[in-house]
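Okay everyone, can we get the model up on the screen? I'd like to walk through it with you.

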Amino acid sequence: MSGRRRALVVAAAGTGATVAAGAVAGTAVATAFARAVVTPARDKPDDVEVLQVGPRRVVLAATADTVVPGRYGVWTDGGRGHFRVGEVLETTGERVTRELLGVDAGTPQPGSGRWNQYCYAGTPSSALGLAHEDVLVRSEVGDLPCWRVPAPADHPAQPEARDTWAVLVHGRGATREEALRALPLLHGLGLTCLVPSYRNDADGPASPAHRYGLGETEWRDVEAACRYALDRGARRLVLVGWSMGGAIVLQLVARSELADRVAAVVLDGPVLDWYDVLDHQARRNRVPVGLGRFGLALLGHPLGRRLVGLEQPVDLRRMDWVGRAQELRLPLLLLHSDADDYVPPGPSARLAEARPDLVTFVRSGTARHTKEWNVDPDGWEDAVRRFLSTHLERAADGDRGRPGG
């Protein structure tokens with residue numbers, strides 16, 4: 001072999017090795033991205049600094065969260081302490097002073113803490129003074145811890161409220177505390193409320209692979225909670241979901257035999273199209289969108305899902321509700337902010353445009369992800385109250401029109 005030919009062969013081999021190495025590196029990045037999407041994060045580090053505490057105010061280091069108007073909470077002392085903050089009183093440089101609304105546990109003092117977008121912490125009884133029961137609902141992966149908040153016995157509710165249970169579904173990586181904000185309103189409307197955990201929650205049973213199904217598997221746990229409600233006297237259901245809880249709820253109404261018992265759906269910052277959300281997350285995390293899409297393809301591939309660690313493929317197309325808009329059959333309230341930094345509101349707007357006959361869209365402009373209530377609790381509650389009052393009455397009229405109704 002001539003020297004020139006030998007050089008060409010070596011160069012070609014080197015190029016092939018570079019391409020192969022690049023492909024391996026790209027697959028590794030895509031796999032890591034996909035695995036992060038479906039892996040529950042157990043450790044949540046402190047993310048806020050408490051600088052000063054006074055009788056009616058607290059000074060925090062300014063962050064993207066701490067400067068936003070609204071009501072929030074701060075966990076301190078590794079989660080053993082908790083206090084609530086309200087109105088922004090002053091912002092100066094790297095410091096923000098907020099109203100101190102109340103102390104739920106511990107003694108606030110300077111140091112590190114963790115921002116609580118749920119505002120409240122604890123149980124319905126400890127956080128809100130609403131009597132509740134801790135119940136277990138049997139699912140295919142084990143017993144699901146749930147809160148049951150009975151409707152007040154002396155509430156002058158119409159029959160459509162007394163016969164209705166609300167099932168509240170939190171988002172990915174969240175806890176049942178995410179639902180606490182909605183309980184006073186729903187309880188005040190005369191509804192019994194059930195707040196379930198689902199597989200791979202911190203306090204719930206794990207699936208064999210310890211991975212989220214992004215709604216593809218979790219809906220069966222929420223279906224078990226709905227069946228629990230129906231077995232205990234509910235005639236109809238209201239489903240409320242936040243973020244991935246929205247994806248879970250919509251899988252339930254599309255796939256469960258119990259869907260005809262659902263009167264209305266309320267979703268806050270919902271995932272309506274995982275491709276849209278995860279393209280956004282890839283850009284946020286500086287992952288090329290093409291590699292992110294390759295990772296999403298692995299989720300749905302019979303062999304690729306093994307790289308990610310899933311028990312079964314996850315079909316993200318089944319969870320594209322803009323594409324499936326014509327399949328919707330239930331009234332749907334969407335509450336979504338243009339400032340949502342995690343789940344962009346574009347799919348909510350497109351779904352509302354595609355199905356104005358069923359979808360009520362309440363758009364806001366300041367709240368970050370699933371913080372619409374925090375920024376404007378009165379507006380959030382008014383919208384939900386009006387929507388449910390209308391559609392529960394219609395559902396009750398429909399029940400009365402059926403044989404035996």
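I'll go through the sheet, then the helices on it, then the pockets and a ring pair.

Quick housekeeping: this is a predicted model, where local features need pLDDT of at least 70, side-chain atom pairs count only at pLDDT 80 or more, and totals for chains, interfaces and linings use all residues. Numbering starts from 1 along each chain as its sequence is written, and side-chain values use heavy atoms, with hydrogens and water left out.

So, the sheet. Eight strands make up an open, mixed sheet, in the order E7-E8-E10-E9-E11-E12-E13-E14. Strands here are DSSP runs of E, at least two residues, and helices are runs of H or I, at least four, numbered from the N terminus; two strands pair if DSSP finds at least two bridges between them. Which strands stand at the edges? Those are E7 (133-139) and E14 (359-364), and each has a single partner strand, so one side of each is left without a neighbour in the sheet. On average, neighbouring strands are turned by 20° against each other, direction ignored. Over at E14, six bridges join it to E13 (residues 332-337), and the two run parallel. There, Ser337 sits opposite Ser364.

Now the helices. H5 (residues 219-231) packs on this sheet, touching E7, E8, E9, E10 and E11, and its direction makes about 120° with that of E7. H6 (residues 244-255) lies across E9, E11 and E12, at about 145° to E11. Contact means heavy atoms within 4.5 Å; axes are lines fitted to C-alpha atoms, for helices over the stretch in contact, with angles from 0 to 180 degrees between N-to-C directions.

On to pockets. A pocket is an open set of points on a 1 Å grid over the protein atoms alone, where a 1.4 Å probe fits, with protein on both sides within 12 Å along at least five of seven lines; lining residues have an atom within 4 Å of a point. The largest has a volume of about 1,200 Å³, meaning the space filled by probe spheres set on the points, which are joined across faces, edges and corners. It has 40 lining residues, and the closest to its centre are Lys44, Gln117, Arg172, Gly173 and Tyr342. Helix H7 gives the largest share of that lining, five residues.

Last one: Tyr72 and Trp115 form a tilted aromatic pair, 5.1 Å centre to centre with 35° between the planes. Rings of Phe, Tyr and Trp (its six-membered ring) pair if their centres lie within 6.5 Å; planes under 30 degrees apart are stacked, over 60 edge-to-face, the rest tilted.
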